[in-house]
Amino acid sequence: MEQLKVIQGDITKFQCDAIVNAANTTLMGGGGVDGAIHRAAGPALYTACEKFHGCPTGEARITRGFNLPARYIIHTPGPIWRGGHSGEPQLLANSYHNSLQLADRYGCQTVAFPSISTGVYAYPLEQAAAIAVQTIEKFMLEARNVREVTMVCFDAKTFQAYQDRVEYRFP
Ligand code: ADP
């Protein structure tokens with residue numbers, strides 16, 4: 001499938017219309033990819049995020065990209081893994097779906113995601129990759145503007161998990 005790509009790299013350096021931030025519900029920055037995005041985008045991102053007064057898990061909010069190469073940043077808090085019986089799969093799917101819907105509404109053609117919830121939030125990697133790939137592929141069938149989605153994986157293990165999942169679905 002041409003329209004879903006998997007690469008290893010740093011999402012803050014990725015050139016596309018919108019990058020997605022694996023945020024927390026305060027939207028006020030944090031560690032991991034969230035911290036990296038805030039550092040790279042500059043302090044104006046913090047000011048922009050303040051205006052939202054937070055965001056519920058699985059929903060998404062959009063800001064400009066500020067100093068990033070990407071035009072927009074879409075902020076979505078993924079679920080914290082609590083064993084899998086607290087609605088985590090649906091919430092993770094919502095994060096991908098709502099981010100894509102927002103990107104599509106803003107006319108974005110190219111969108112990049114980090115591996116939402118598989119860092120500090122401890123979502124099991126293989127399960128998260130399955131949900132991400134399934135949700136993205138389903139959305140692409142109804143997208144009006146989005147034509148290419150890239151999973152930007154920071155480390156080799158994450159890259160391998162998403163790569164395996166895409167190949168599993170489209171050998
Ligand atoms: P969460 O709280 O949703 O688990 P984390 O930021 O802790 O979010 O981790 C999510 C994923 O983002 C992890 O795979 C982590 O390695 C990755 N990550 C960290 N920094 C970057 C970056 N600059 N670009 C892309 N991915 C990153």
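Ala, Val, Leu, Ile, Met, Phe, Trp, Tyr, Cys and Pro count here as nonpolar, Asp, Glu, Lys and Arg as charged, and the others, Gly among them, as polar. The model is predicted: local features need pLDDT of at least 70 and side-chain atom pairs pLDDT 80 or more, while totals for chains, interfaces and linings use all residues. Residues are numbered from 1 along each chain as its sequence is written.

**View 1. The shell around the ligand.** By class, this shell holds 10 nonpolar, 8 polar and 3 charged residues. Among the 21 residues around the ligand, A22, G32, G119, Y121 and F154 come nearest (near: C-beta atom, placed from the backbone, within 6 Å of the molecule or strand). Helix 1 gives the most to the shell, with 4 residues.

**View 2. Helix 1 and its packing.** Helix 1 covers residues 32-41, and V33, D34, I37, H38, A40 and A41 in it are buried (20 or more other C-beta atoms within 10 Å of the residue's own; exposed, 12 or fewer; partly exposed in between; C-beta atoms placed from the backbone). Its buried residues pack against strand 2 (18-23), helix 2 (44-50) and strand 4 (72-77), where contact requires C-beta atoms, placed from the backbone, within 7 Å. G42 follows helix 1 and has a positive phi, near 100 degrees.

**View 3. The open sheet.** The sheet is formed by 6 strands in the order 1-6-5-2-4-3, with mixed pairing (strands pair if DSSP finds at least two bridges between them). Strand 1 (4-8) and strand 3 (61-64) stand at the edges with a single partner strand each, so one side of each is left without a neighbour in the sheet. The twist averages 25 degrees from one strand to the next. Strand 2 and strand 4 run parallel and are joined by 6 bridges; V20 stands opposite I74 in strand 4.

**View 4. Helices on the sheet.** Helix 3 (residues 88-105) packs on the sheet, touching strand 2, strand 3, strand 4 and strand 5 (110-113), and its direction makes about 155 degrees with that of strand 4. Helix 4 (residues 125-140) lies across strand 1, strand 5 and strand 6 (148-153), at about 140 degrees to strand 1. Axes are lines fitted to C-alpha atoms, for helices over the stretch in contact, and angles run from 0 to 180 degrees between N-to-C directions.

**View 5. The elements in chain order.** The protein chain contains 5 helices and 6 strands, which run β-β-α-α-β-β-α-β-α-β-α from the N terminus. Helices (H or I, at least four residues) and strands (E, at least two) are DSSP runs, numbered from the N terminus.

How values were computed. Contact = placed C-beta atoms within 7 Å.
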